[in-house]
Amino acid sequence: MNELSSTMTAPHLTEVGNKGLHIILSDGGSHYFNYYWLRDNCPSSFSSVTRERSFDIFHLDTAPRPKSAAVDGDALVIDWAGEDHVTRMPLDWLETYKVAKPRNDPADLPRVAWYSDHYPTVPRFSQPELVADKTKRAAWIEAMLIHGFTIVTDMPDSNEGLTQTAELMGYVRPTFFGDYFDVKTHINPTNTAYTSAALELHTDTPAEEFAPGIQFLHCRVNTVDGGQSLYSDGVAVANDFRKRDPEGFRLLSEVSIPFFCEHDTYDSRSRQTVIELDQHGEVSGLTISQHMADIFDLDQSLLDDYYPAFCRFGRMLQEDKYMMRFLMKGGECMVFDNHRIVHGRAAYSATSGDRYLRGCYVDRGEMRSTYRALVSEGRFKA
């Protein structure tokens, strides 16, 4: 009986139709595969040298149809009509795609929210070890994906040290401030960060259509009185806001508002939702800055509901439960997700000592790409 059952459920074709075929796979179920998809994804369609698709389905004169199709051992074999081409598709590969779903992404990791008491447990990594050890680098980026905030210690006291650190994750991403920015007191500041005044919690460059994802803040020296750094996890706050104020959460995650940044040589504008959701509907970040919020151009009746929700959320970001406070030390680099972590600082006395931070950005996509390359083989095994 078991032998007969095994024979009946062994892989075989059940139907060869006009647009696709049905095949029994290891679960005993019949699964449908479209001919365009089967022809486009023939193993020979990809170059192992360039790691790109080398077959162009646009060049087919007619819709792909099989002259014959059968299961041969551990493969589906299709001899295509009108072509001198045979596809041999491994059955275990078809098993991966029998249910429509995105390809497994090792960088799609669940986020862990954190609160005001997080500073002692912030993931810390030594810069020379990150340079020397790929496994340390993978652990660092994994911590970024999960927590959104890390501290890199033992930084070289040089501009080159910041560049070297950022390039472990991806390419330095310029903004309208340039490739790098220096946070110190300026005589004619073009940004509140370049003063000694308090800096409210915010995300950087919200006026850019695609704001940079990962921020690096290298503390070269910090001997002033005051200037405590402030960080809050937007995921933690927004998740709690979703429970506390569902309608306010809906408004801030669905309705976009304008942001701007204007000076003599640039006039940057964008529309963003304050709360960002990922492909799973989970909170992935924020875009918020009172300094760069433009005049809200929403219908005035919508503002009756939007403004109160916006203010409730802004006040919530500053609650003691969420806000991590600490003093940055020379030789440390704060690395954080600019779409997730809101940051600011307390006021400081500019004449009490020296305070100099040098910063730059890397895109989140670059970070995820680097992580995948470090931890997985991808489609093309060496």
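The exercises below, each followed by a worked solution, explore a predicted model.

**Exercise 1. Describe the setting of strand β20: which way do its residues point, and which strands pair with it?**

Begin with the side chains of the strand, where Ile341, His343 and Arg345 point one way from β20, while Val342 and Gly344 point the other way. Next, consider burial: five of the five residues of β20, which spans residues 341-345, are buried, so this strand is largely enclosed by the rest of the structure. Then turn to the pairing, and take strand β10 (residues 199-202), which pairs with β20 in the antiparallel sense over two bridges; here Leu199 has Arg345 of β20 as its bridge partner. Finally, strand β13 (residues 229-233) also pairs with β20 in the antiparallel sense, over five bridges, and in β20 it is Val342 that stands opposite Ser232.

**Exercise 2. Find where Asp154 and Thr205 lie, and decide for each whether it is buried or partly exposed.**

As background, most residues other than glycine have a negative phi. Asp154 has a positive phi, near 60 degrees, and its place is in the loop between β8 (149-153) and α6 (159-166). With a relative accessible area of 48%, Asp154 is partly exposed. Thr205 likewise has a positive phi, near 45 degrees, and lies in the loop between β10 and β11 (214-222). Its relative accessible area is 3%, and Thr205 is therefore buried, the cut-off being under 20%.

**Exercise 3. Name the buried residues of helix α6 and the elements against which they pack.**

First list the residues: Gly161, Leu162, Thr163, Thr165 and Ala166 are the buried residues of α6. Then look at their surroundings, where these buried residues pack against the helices α4 (127-132) and α5 (134-147), and also against β8, β11, β19 (332-337) and β22 (355-362).

**Exercise 4. Work out why Cys360 forms no bond with the closest cysteine sulfur.**

The closest cysteine sulfur to that of Cys360 belongs to Cys333, and the separation of 7.3 Å is too far for a bond, because a disulfide requires the two sulfur atoms to be within 2.5 Å. A search of the whole structure agrees with this step, as it finds zero disulfides. As for accessibility, Cys360 counts as buried at 0%, and Cys42 counts as buried at 2%.

**Exercise 5. Examine salt bridges in the model, and say which parts of the chain two of them tie together.**

The count of salt bridges comes to 24. In one of them the side chains of Asp40 and Arg53 meet, with N and O 3.5 Å apart. Asp40 lies in helix α2 (residues 35-40) and Arg53 in the loop between α2 and β4 (66-72), so this pair ties together parts that are 13 residues apart in sequence. Asp40 is buried, with a relative accessible area of 18%, whereas Arg53 is partly exposed at 39%.

In another salt bridge, Lys67 is joined to Asp79, and their closest N and O atoms are 3.8 Å apart. Since Lys67 belongs to strand β4 and Asp79 to strand β5 (residues 75-80), the pair ties together parts that are 12 residues apart in sequence. Lys67 is exposed, with a relative accessible area of 60%, while Asp79 counts as partly exposed at 22%.

Lastly, Lys98 and Glu95 meet in a salt bridge at 2.7 Å, N to O, and these two residues are linked with Asp27 in a network of salt bridges. Lys98 counts as partly exposed at 23% relative accessibility, and Glu95 is partly exposed at 22%.

Technical notes: Residues numbered from 1 in each chain as written. Predicted model: local features only at pLDDT ≥ 70, side-chain atom pairs only at ≥ 80, totals over all residues. Heavy atoms only, no water. Buried < 20%, exposed > 50% of the residue type's maximum accessible area, 1.4 Å probe, protein only. Helix = DSSP H or I, 4+ residues; strand = E, 2+ residues; numbered from the N terminus. Pairing = 2+ DSSP bridges. Contact = heavy atoms within 4.5 Å. Salt bridge = Lys/Arg side-chain N within 4 Å of Asp/Glu carboxyl O.
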